[in-house]
Amino acid sequence: TGPEQGEMLTRLSTRRAARRLPLLLLAARPVWASSGTSSVSSSSTPDGQKLVDPVRAVLFDFDGSLMQSEEAHRLSFSKVLGRELDHATWYGKCVGRRPLSILREYRLEGSPPAEELLKDLKADTCGQYAKVVPTAGHAELLDDLESAGVRVAIVSSGTREYITRVLANHGLSDRFETIVAGDDEPLVASGRFKPDPFPYVLAMDKLGLQPGECVAVEDSPSGIQSALDAGMRVVVLRNPANSGKPILGERPVVALIDDFTQLDRHVLACAPKGADALRKREAVVA
């Protein structure tokens, strides 16, 4: 797997270099609106020169972004570890990290190895997975993306078993073209997890797309950094883990929202048109 991963990284590094100028041009323009969201639909100069590729895919982080799951995870890890991870510890030091890394750092002396604790976590021995819920507005956003022909994927530090189980719980198993999970072999073999850009690089390679054609949806500082370093624009969901972080001022961060009901669809190139837009307006009024 080593030579193959090296070849893939070289190929995608070349892609990112090719896209660097458009991203720098995007960064030179103001992107923040007073409402806390902004649009990147103005993608040409006055003379018509194109600056930004059209959005062809949206890559969702899972926990804290597509799903509101952090409290469920905090309680699950606390139960498995036999010690409380308080809110400050969880949001300040754990959010955005892969499970095995957290277990290794916080396991008590004399406890089973982290790998054994991970089995208990995956088995959901404390029944917290059922409390994981999608972020408000997720269904409408996924419908709008599908209608616009924008592809969707998941890029997460969580385990594949957990992600697929939660997706199934909410009837979302068939909505995503591909999933990159924190325990996937290419990530484990390379040791490159968020904030390294490799998870997003791998997802883009699976989709056959360039960084300029993709927008990431993230919440954790490590995830935001991963997406930015992969050359992508980023939509950020506010939470205690990213509150006040300087990274939110990065220009390719194109929207800062509390949930998907606040997201200007032009940011993801999936704004409803014609009759669809009228029906949505009527539904809001009703």
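# Reading helices, rings and hollows

Mentor: Let's start right after a helix: α5 is followed by D124, and the phi of D124 is positive, near 55 degrees. Keep in mind that we're looking at a predicted model.

Trainee: OK, and α5 itself? Which residues of α5 are buried?

Mentor: The buried ones are A114, L117, L118 and L121. Here's the general idea: an α-helix has 3.6 residues a turn, so residues three or four places apart point the same way. Now back to our helix. The four buried residues cover an arc of only 105 degrees around the axis, and that puts them on the same side of α5.

Trainee: What covers the buried residues of α5?

Mentor: The cover includes α2 and α4.

Trainee: Let's do rings. How do I read an aromatic pair, and how many does the structure hold?

Mentor: You describe a pair of aromatic rings by the distance of the centres and the angle of the planes. This structure holds five aromatic pairs. Take F77 and W90: their ring centres are 5.2 Å apart and their planes sit at 50 degrees, so we call the pair tilted. F77 belongs to helix α2 and W90 to helix α3, so the pair ties together parts that are 13 residues apart in sequence.

Trainee: Are F77 and W90 buried or exposed?

Mentor: F77 has a relative accessible area of 3%, so it's buried. W90 counts as buried too, at 2% relative accessibility.

Trainee: And what about Y129 and Y162?

Mentor: Their ring centres are 4.9 Å apart with the planes at 55 degrees, so that pair is tilted. Y129 is in the loop between α5 and β3, while Y162 is in helix α7, so to speak a link between distant parts of the chain, 33 residues apart. Both Y129 and Y162 are buried. One more thing on rings: F60, F176 and F260 form one aromatic cluster.

Trainee: Last topic: empty space. How many cavities of 30 Å³ or more does the structure hold?

Mentor: The idea is simple: rolling a probe the size of a water molecule over the atoms shows where empty space is left. Here you get two cavities of 30 Å³ or more. The largest has a volume of about 270 Å³.

Trainee: Which residues lie nearest the centre of the largest cavity?

Mentor: D63, H73, R97, P99 and G158, out of 25 lining residues. The elements giving two or more residues to that lining are α2, α3, α4 and α5. By class, the lining has ten nonpolar, seven polar and eight charged residues.

Terms used. Residues numbered from 1 in each chain as written. Predicted model: local features only at pLDDT ≥ 70, side-chain atom pairs only at ≥ 80, totals over all residues. Heavy atoms only, no water. 1 Å grid on protein atoms, 1.4 Å probe; cavity = no way out; pocket = protein on both sides within 12 Å on 5 of 7 lines; lining within 4 Å. Points joined across faces, edges and corners; volume = space filled by probe spheres on them. Nonpolar A, V, L, I, M, F, W, Y, C, P; charged D, E, K, R; others polar. Phe/Tyr/Trp six-rings, centres within 6.5 Å; stacked < 30°, edge-to-face > 60°. Buried < 20%, exposed > 50% of the residue type's maximum accessible area, 1.4 Å probe, protein only. Arc of directions from axis to C-beta. Contact = heavy atoms within 4.5 Å.
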